[in-house]
Each structure stands twice: as structure tokens, then as C-alpha cells.
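Subject: The model you asked about

Hi,

Here is the structure for you to open and turn around on your own screen. My notes on what turned up in it follow below.

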Amino acid sequence: MVWQKAKVICTRQLEHDVAAEQARDEREVQFGSWDHVRDEHAIKGAVWATGQQDPVIYHIPDHV
């Protein structure tokens, strides 16, 4: 049997992570490593996909 799980995130932590990634992107652009800073939507997708929020992600089984 396959259990479906939902991700529940802390929005404050997500905002913090996005701000940190935006600052990192700006440094990379200043150093010439990157052409442009990613938009907020792209950063949120990357943060979500990479699990940078693991300390605040809880998996809720669908049978609860």
C-alpha cells in the first residue's frame, strides 16, 4: 500500500530561506558567477524541492 503524504511548512521559515537565497543570488551576480537573480517563485520552488526546510516539514499520513 502506498501512503500519500502532505508537506506542511512554516511560512516564516520559508520567507527566511527565500530571503537568504535572494541575498546569495545577489552576491553571485556581483561576483560575476551568475547573470541574474532568480525571482521569488523560482527560489521557493528550489527551496521546496531541495528540502531545505526539513527541520520544519512534517509528513502527515493520509489516513489520519
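The axes of helix 1 and helix 2 come within 10 Å and cross at roughly 115 degrees. That makes helix 1 and helix 2 roughly perpendicular to each other, since 65 to 115 degrees counts as such. The crossing of helix 1 over helix 2 is right-handed. On the helix 1 side, the contact is made by Leu14, Asp17, Val18, Glu21, Gln22 and Asp25. Helix 2 contributes Glu40, Ile43, Lys44 and Val47. Do keep in mind that this is a predicted model.

For orientation, the chain has 2 helices and 2 strands, and the order from the N terminus is β-α-α-β. Of its 64 residues, 17% are buried. The accessible surface comes to about 5,100 Å², with 54% of that belonging to carbon and sulfur atoms. If you count contacts with a separation of 6 or more, 65% of them are between residues 24 or more positions apart.

Now the charged side chains. As a reminder, side chains of opposite charge can pair when their charged atoms come close. How many salt bridges are there? The count comes to 4.

Glu21 is a good place to begin. One of its partners is Arg24, in a salt bridge with 3.6 Å from N to O. Arg24 and Glu21 are 3 residues apart in helix 1 (residues 11-31), so about one helical turn separates them. Is Glu21 buried or exposed? Glu21 counts as buried because its relative accessibility is 14%, and the cut-off is under 20%. Arg24, at a relative accessible area of 33%, is partly exposed.

Glu21 also meets Arg38 in a salt bridge, this one at 2.8 Å from N to O. Here the partners come from separate parts of the chain: Arg38 sits in the loop between helix 1 and helix 2 (40-50), while Glu21 belongs to helix 1, so the pair ties together parts that are 17 residues apart in sequence. Arg38 counts as partly exposed, with 24% relative accessibility.

Over in helix 2, Glu40 forms a salt bridge with Lys44, and their closest N and O atoms are 3.2 Å apart. Both residues lie in helix 2, 4 residues apart, which is about one turn of the helix. Glu40 is partly exposed at 43% relative accessibility, and Lys44 is partly exposed too, at 34%. As for the network, salt bridges that share partners join Glu21, Arg24, Asp25 and Arg38 into one.

Have a look at Asp25 while you are there. Asp25 lies in helix 1 and counts as buried, because its relative accessibility is 0%. Which residues does Asp25 touch, leaving aside its neighbours within four places in sequence? Those in contact with Asp25 are Trp34, Val37, Arg38 and Ile43. Two of these names have come up already: Ile43 is among the helix 2 residues in the contact between the helices, and Arg38 is joined with Asp25 in the salt-bridge network. Asp25 itself is one of the helix 1 residues in that helix contact.

If you want to follow this on screen, Glu21 is a handy place to click, as Glu21 takes part in the contact with helix 2 and has salt bridges to Arg24 and Arg38.

Cheers

Definitions and conventions. Residues numbered from 1 in each chain as written. Predicted model: local features only at pLDDT ≥ 70, side-chain atom pairs only at ≥ 80, totals over all residues. Heavy atoms only, no water. Salt bridge = Lys/Arg side-chain N within 4 Å of Asp/Glu carboxyl O. Buried < 20%, exposed > 50% of the residue type's maximum accessible area, 1.4 Å probe, protein only. Contact = heavy atoms within 4.5 Å. Areas by Shrake-Rupley, 256 points an atom, 1.4 Å probe, with all protein chains shown as cover. Axes fitted to C-alpha atoms, helices over the stretch in contact; angles between N-to-C directions. Parallel < 35°, antiparallel > 145°, perpendicular 65-115°, else oblique. Left-handed = near helix turned anticlockwise from the far one by under 90°.
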